[in-house]
Amino acid sequence: MAQVSFLDNLLREYLVFRGFSSTLKALDLEQRTEKDQHFRAERVLEQFTNAVQTYDLHGLRSLWLHLDNNLFTKLDHTYAVAVKKLENSLLKYYLVTAYSNNKSDKISEFFNKMAGELQQQSEWKDWFYFPFCKNAEESPSFALYFTKQWQDTSLLSLRNFLTTVYQCLPQPTFVRAEQEAAHMQRLSEDNTGLRARLLHAQQELQQQAQQQPVSGSSHNLSGDGSTRRRSVYRHQQSLNDILPFDISPPGHIVDDFCIIASEANSVSQASDAQARGLKLLIRNIGSGSSPVLGRKDQAASSVGDKSSKRRSGSVGRSWI
C-alpha cells in the first residue's frame, strides 16, 4: 500500500512537470472515488459494457487491442483460441445490443469497418446476413445470442479470464522501480568483486610465469651435475659386478652339442670293441685253434702239445 502511494506521488509529480493538467485532474478524481487501490476485473468489464451500451465501437476496439497487445500476447499460445473466442463474443454482443435498440446505422458502421477482418473467419460467415435479417431474434442462426443466459455467460467468462490473467502477470516496471534499482546495485557490486578476483588471478599467473625460468635453469644445472656423477660412477664398475635383481647366478654352462658329441664317441668305442672281438674270433677259427676244437683234442689224447695248450689258453684268455 505504501509503495502504491509512493508511485502515485511520483506520477503526479511527472504530470505536473509535463503540464498535463487535465490528466492530473482525472487522476485525482479517480483516486478520490477509488475504494480499492488494487486492480479489479470488474473495472475493465465495466468499460466494455459502457462501450457496448453507448455503441462506441472505436472505444471497444481500442480497449481490446490495448489488452491484447499488453496482456494477451504474453500468455501461452494455448490461450490464443480462448482469447479469440472472447473477442468474437464481445463483438456479437455489440451487434445484438444495437439490433435490440434499432440502431441499424451502428450495425452498418460495424460491418463497414470490420468486414475486411471478419470475412477471413468462417465463424462470421452467417453474420453478414445479420443486417438484412428480419426478426433476427427468432432466426435459428441468431436466436441464441439474444438470450440473457448467453449474454451473462459471455460477460462472466470475460471477467473470470481477466481476473486470472492479472493474477498471473508480473508487476509493471514502474511499480518495480525500487526493486530494479536495488537489483542493479547488487549486480554492480558483484561485478566489481569478480573483476577484483580476476585481476588477482592474473597477477598470480604472471608471478608463476616469472618464477618458472629460474627454477627451470637451476633444475637443469643440478641435472647436469648428477648426470656427470652417474657417468663417472658407471666407468668405475665392471660388467661382472652387474647382476640382475633377485636372480641367482647360473651354474656351469653345458653345451648340448658337447653332450651329443660325447654320446657319439662312446657309441663308436663300443662298436670298435665289438668289431675287434669278431675279427679275433674269425682269425682263431680260421687258424684251427678254436676253443671247441681244442676241447676235442683233449678228449681224444691225454697228451697234448704245450704249444697247442698255450695257444688254446691264450685263445681262452682272449675270449674271456
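**Notebook: helix α6 and its surroundings**

I started with E109 and K113, which lie four residues apart in helix α6 and are therefore separated by about one helical turn. Their side chains form a salt bridge, with the closest N and O atoms 2.9 Å apart. I note that this is a predicted model.

I then looked up the other partner of E109. K106 also forms a salt bridge with E109, and here the closest N and O atoms are 3.9 Å apart. The cut-off for a salt bridge is 4 Å from nitrogen to carboxyl oxygen, so the K106 pair counts. K106 and E109 are three residues apart in α6, again about one helical turn. The spacing fits the general rule: an α-helix has 3.6 residues a turn, so residues three or four places apart point the same way.

Next I checked accessibility for these three. K113 is exposed, at 53% relative accessibility. E109 is partly exposed at 26%, and K106 is partly exposed at 24%.

I turned to the buried residues of the helix. In α6 I found I107, F110, F111, M114 and L118 buried. They pack against α4 (57-70) and α5 (80-100).

I looked at the helix axis as well. Helix α6 covers residues 104-118 and bends by about 40° at N112.

Which residue does K92 meet in a salt bridge? It meets E123, at 2.8 Å from N to O. K92 sits in helix α5 and E123 in the loop between α6 and α7, so this pair links distant parts of the chain, 31 residues apart. I asked whether K92 is buried or exposed. K92 has a relative accessible area of 4%, so it is buried. E123 has 39% and is partly exposed.

I searched the whole structure for salt bridges and got nine. I also recorded a network of salt bridges that links R61, K84, E87 and E117.

Last, I looked for nonpolar surface. F6, L10, L11, Y14, F17, F20 and F174 make a nonpolar surface patch of about 690 Å². One of these residues, F174, is in the loop between α7 (148-168) and α8 (177-236). F174 has 44% relative accessibility, so I logged it as partly exposed. A patch residue needs over 30% relative accessible area, so F174 passes at 44%.

Methods. Residues are numbered from 1 along each chain as its sequence is written. This is a predicted model: local features need pLDDT of at least 70, side-chain atom pairs count only at pLDDT 80 or more; totals for chains, interfaces and linings use all residues. Side-chain values use heavy atoms; hydrogens and water are left out. The bend at a residue is the angle between axes fitted to the seven residues ending there and the seven starting there. Helices (H or I, at least four residues) and strands (E, at least two) are DSSP runs, numbered from the N terminus. Buried means under 20% relative accessible area, exposed over 50%, partly exposed in between (1.4 Å probe, protein chains only). Contact means heavy atoms within 4.5 Å. Patches are made of residues with over 30% relative accessible area and no salt bridge: like charges are joined within 9 Å, nonpolar side chains (Val, Leu, Ile, Met, Phe, Trp, Tyr) within 5 Å. Accessible areas come from the Shrake-Rupley method with a 1.4 Å probe; for residues, only the protein chains shown count as cover.
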